[in-house]
Amino acid sequence: MANQIILLISVIALSFALVAFAFEPSPLQDFCVADSLSSARVNGQACKNPASVGASDFSFSGLHLPGNTSNPNGSKVTPVTVSQLPGLNTLGISMVRIDYAPWGTNPPHTHPRATEILTVVEGSIQVGFVTSNPGNALITKTLQKGDVFVFPVGLVHFQRNVGNGNAVAIAALSSQNPGVITVANAVFGSNPAISADILAKAFQVDTSVVDQLQAKF
Ligand SMILES: *[C@@H]1O[C@H](CO)[C@@H](O)[C@H](O)[C@H]1NC(C)=O
Ligand SMILES: *[C@@H]1O[C@H](CO)[C@@H](O)[C@H](O)[C@H]1NC(C)=O
């Protein structure tokens, strides 16, 4: 009996430890506005003196403005992370506006530190994510205005405007600094390049195909 209780306590303690590792730590004060001038190396950014903090540290303006989608993706992400809004430091949250030209895409990418919850405010958007190995199941759906979709942390996901008009989405992310890894850029556009023979094996193609893809970045 005593052994079972010890085991139960261990399991509970371990699950709390896992929560602590998997998500940004809880704040230990009301706020810690990012001090962009500090040279301190900490996980996140150092705090500004709370006495010199004001409303501008907690606000951002401009998310009503459409992003410029005249680029090969036909989409534009306007981020509001700790870089744009210093008050987000240590709070484990941020947001983006995403604009899509007709048939524009936000290409396959992952956020290493955040789950993303997205809502469509204009147009129709096909969204999807792919589950981990070995299943690699594609979970996809076409969303209309007002629909909400969640992309679980770390999974490769994408969006595509499936309408002839512009589309707009607003998304929240569970990190002050979610990070983005765009799959094509990371794999074919790394600096320096990954050896073509490695990618040729990974994609089961000739190295000339890899050379062609790497040349695009
Ligand atoms: C949008 O971006 C394109 C390509 O960089 C540029 O030529 C164009 O002037 C931009 N449009 C606006 C309104 O800024
Ligand atoms: C498409 O968008 C991604 C993520 O925003 C960016 O990293 C990439 O450079 C873009 N690709 C092209 C071809 O513009």
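## Ground rules

Buried means a relative accessible area under 20%, exposed means over 50%, and partly exposed is whatever falls in between, using a 1.4 Å probe and protein chains only. By that yardstick H111 is buried, with a relative accessible area of 7%.

This is a predicted model, so local features need pLDDT of at least 70 and side-chain atom pairs count only at pLDDT 80 or more, while totals for chains, interfaces and linings use all residues. Residues are numbered from 1 along each chain as its sequence is written, chains are lettered from A and ligands numbered from 1 in the order in which they are written, and side-chain values use heavy atoms, with hydrogens and water left out.

## The chain as a whole

The protein chain has 4 helices and 10 strands. Here helices (H or I, at least four residues) and strands (E, at least two) are DSSP runs, numbered from the N terminus. Going along the sequence, the pattern reads α-β-β-β-β-β-β-β-β-β-β-α-α-α.

Of the 217 residues, 31% are buried. The accessible surface is about 13200 Å², with 61% of it belonging to carbon and sulfur atoms; areas come from the Shrake-Rupley method with a 1.4 Å probe, and for residues only the protein chains shown count as cover. As for contacts (heavy atoms within 4.5 Å), take those between residues at least 6 apart in sequence: 69% of them join residues at least 24 apart.

## The disulfide

There is 1 disulfide, defined as a pair of cysteine sulfur atoms within 2.5 Å. C32 and C47 make it, with their sulfur atoms 2.1 Å apart. Both cysteines sit in the loop between helix 1 (2–22) and strand 1 (75–80), 15 residues apart.

The torsion about the S-S bond is about -105°, so this disulfide is left-handed. As for cover, C32 is buried at 3% relative accessible area, whereas C47 is partly exposed at 38%.

## The annotated binding site

An unreviewed UniProt entry lists H109, H111, E116 and H157 under "binding site". These residues spread over 49 residues of sequence yet cluster in space, the largest C-alpha distance being 11.9 Å. H109, H111 and E116 are among the residues lining the second largest pocket. UniProt positions follow the numbering used here, feature names are shortened, and annotations may be inferred rather than shown by experiment. A pocket, on a 1 Å grid over the protein atoms alone, is an open set of points where a 1.4 Å probe fits, with protein on both sides within 12 Å along at least five of seven lines; lining residues have an atom within 4 Å of a point.

H109 lies in strand 3 (residues 105–110) and is buried, at 3% relative accessible area. H111 is in the loop between strand 3 and strand 4 (116–122). Their side chains share a polar contact of 3.4 Å, meaning a pair of N or O atoms within 3.5 Å; within protein, one must be able to donate a hydrogen and the other to accept it, and residues adjacent in sequence count only if both atoms are side-chain atoms. Leaving out neighbours within four places in sequence, H111 touches E116 and H157, among others.

## V183, alongside H109

V183 belongs to helix 2 (residues 183–188) and is partly exposed, at 31% relative accessibility. Skipping residues up to four places away in sequence, V183 touches P108, H109 and V156. From the other side, the contacts of H109 include V183, V156 and H157. The C-alpha atoms of V183 and H157 are 9.7 Å apart, with their positions 26 residues apart along the chain.
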